[in-house]
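Here is a set of exercises to work through with the structure open beside you. Try each task yourself before you read the solution.

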Number of protein chains: 2
Amino acid sequence: MKSEKISELTTSRLSVYLRCLNQLAADGERTVSSEGLAKKFHLNSAQIRKDLAYFGEFGVRGVGYYVDELRDHLTKILGLDRPHNLTIVGAGRLGTALADYYRAAQSNFAVAAMFDADPAKIGTLVGKVEVFDIKNFPEIAERYNIDVAVIAVPAEFAPAVLQQITVSGIKAIMNFAPVPLKAPENVKLKTVDLTISLEGLAYFLAQPSPQNGQRR
Amino acid sequence: MKSEKISELTTSRLSVYLRCLNQLAADGERTVSSEGLAKKFHLNSAQIRKDLAYFGEFGVRGVGYYVDELRDHLTKILGLDRPHNLTIVGAGRLGTALADYYRAAQSNFAVAAMFDADPAKIGTLVGKVEVFDIKNFPEIAERYNIDVAVIAVPAEFAPAVLQQITVSGIKAIMNFAPVPLKAPENVKLKTVDLTISLEGLAYFLAQPSPQNGQRR
């Protein structure tokens, strides 16, 4: 497997392919062509072939892909062949909502610990997950073997939280605070901007085509 | 302006450019080249030129782009030159967290009303926004001139909620329920999958490069 950098867009597409393959496996399908996959899930077959070819020769001429085999490959490529221990920093509405979400999603990401600075929240449980004092981050992160952190604190606290997380050696961080953060070079930081998705909808509403019409 | 369909990726990039231009304007910059924009915000200058050229000739040879002019254009292209009235369906942890988020983001999307089916939540306020009975969706959506709806209900209720929303004439919907939904043809539906972003982080952690090293 090549270890060069591939883009976040590519990993997002691989995640989508994996979901589609899981669906096909659940439907009892054993093989699928790139065209079949593209048609069923509204994807681009050339893009599928290009994305997968990057990681090796998975397709079989005249057959397409073996669903189970490709699932296993993608699972491994995406690092989903082992569980990840997640922490959510910020036990407010967004943090607890995300804890619910990741529990319900039954993914490979188990919320192992949460953190907050508010004495009223420290020591409480969110689901079955304890909220710890952010001051004790390094010790708790090590105890729970945390490898991914989610920042769900108000924007003004996010830079300090990022600092606390990275000095503890966490290398993968997802930031929900609506503020641009700069992570050290060897740390992967993704900022999720929930307003950008809304702006895509506004673009759609702004189009003059009659079928995209305004409400009234 | 062309009215053909452009991809969601393109509108996302336009949103990002607009954020960058807002930052430049706040810093007092009056002009910027595509290279300058790319360098400062870690973007791709050829992509910027291609994306903007699609909508017209904004750049001036030897000058680049006028920051304020390009902001105005992008704002208009993205349909952000008028406010949008948002509703969030689901007043649980995720719905209320999103209401907080969009209020704090000071965007063009004002949360005008929320909905739930739980009698204990109906009639309460989230911030200053009232939670209405989902049964009264059509009437309330019209009263508040809602044009964008966010679905933040558990997966099992999402299809029914989508149905209720679309029969009321809402054309733009963002779905946070972890379930694939199928919208009518003239409705723009975006599903936000918060697990896909985590999987991109797992990919990064799975890379063998020493600088991407595991925690221990």
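A residue counts as buried if 20 or more other C-beta atoms lie within 10 Å of its own, as exposed if 12 or fewer do, and as partly exposed in between, with C-beta atoms placed from the backbone. Helices (H or I, at least four residues) and strands (E, at least two) are DSSP runs, numbered from the N terminus. This is a predicted model, in which local features need pLDDT of at least 70 and side-chain atom pairs count only at pLDDT 80 or more, while totals for chains, interfaces and linings use all residues. Residues are numbered from 1 along each chain as its sequence is written, and chains are lettered from A and ligands numbered from 1 in the order in which they are written.

**Exercise 1. A strand and its surroundings**

Find out how many residues of β4(A) are buried.

Solution. Step 1: count the buried residues, and you get seven of the eight in β4(A), so this strand is largely enclosed by the rest of the structure.
Step 2: look at the whole of chain A, where 40% of the 216 residues count as buried.
Step 3: add the overall picture: chain A has eight helices and nine strands, and its C-alpha trace spans about 60 × 50 × 35 Å along its principal axes.

**Exercise 2. The sheet of chain A**

Write down the strand order of the open sheet in chain A and name its edge strands.

Solution. Step 1: recall that strands of a sheet pair through backbone hydrogen bonds, either parallel or antiparallel. Here two strands pair if DSSP finds at least two bridges between them.
Step 2: the seven strands run in the order β5-β6-β4-β3-β7-β8-β9 (chain A), with mixed pairing.
Step 3: β5 (125–126) and β9 of chain A are the edge strands, each pairing on one side only.
Step 4: zoom in on β3 (residues 84–89) and β4 (residues 109–116) of chain A, which pair in the parallel sense over six bridges. Along this pair, Ile88(A) stands opposite Met114(A), and Val89(A) stands opposite Phe115(A).
Step 5: see what lies across the sheet. Helix α7 (residues 158–167) of chain A crosses β3, β7 (148–151) and β8 of chain A, running at about 170 degrees to β7(A). (Axes are lines fitted to C-alpha atoms, for helices over the stretch in contact, and angles run from 0 to 180 degrees between N-to-C directions.) From chain B, helix α8 (residues 194–206) lies across β3, β4, β7, β8 and β9 of chain A.

**Exercise 3. The sheet of chain B**

Which strands stand at the edges of the sheet in chain B?

Solution. Step 1: read the order, β5-β6-β4-β3-β7-β8-β9 (chain B), an open sheet of seven strands with mixed pairing.
Step 2: β5 (125–126) and β9 (188–191) of chain B are at the edges with a single partner strand each, so one side of each has no neighbour in the sheet.
Step 3: β3 (residues 84–89) and β7 (residues 148–151) of chain B pair in the parallel sense over four bridges, and Thr87(B) stands opposite Ala149(B).
Step 4: helix α8 (residues 194–206) of chain A packs on this sheet, its direction making about 160 degrees with that of β8(B).

**Exercise 4. Where the chains meet**

How many residues of chain A are in contact with chain B?

Solution. Step 1: use the rule that two residues are in contact if their C-beta atoms, placed from the backbone, lie within 7 Å.
Step 2: by this rule, 52 residues of chain A are in contact with 52 residues of chain B.
Step 3: α8(A) gives the largest share of chain A's side, 13 residues.
Step 4: sort that side by class, and there are 23 nonpolar, 20 polar and nine charged residues. (Ala, Val, Leu, Ile, Met, Phe, Trp, Tyr, Cys and Pro count as nonpolar, Asp, Glu, Lys and Arg as charged, and the others, Gly among them, as polar.)

**Exercise 5. Two sides of a helix**

Which residues of helix α3 (residues 45–53) of chain A are buried, and which exposed residues does the face turned away carry?

Solution. Step 1: the buried ones are Ile48(A), Asp51(A) and Leu52(A).
Step 2: seen down the axis of α3(A), these fall within an arc of 90 degrees (taken from the directions from the helix axis to the C-beta atoms), so they line one face of the helix.
Step 3: the face turned away from the buried side carries the exposed Ala46(A) and Ala53(A).
Step 4: the cover over the buried residues includes α1 (8–26) and α2 (34–41) of chain A.
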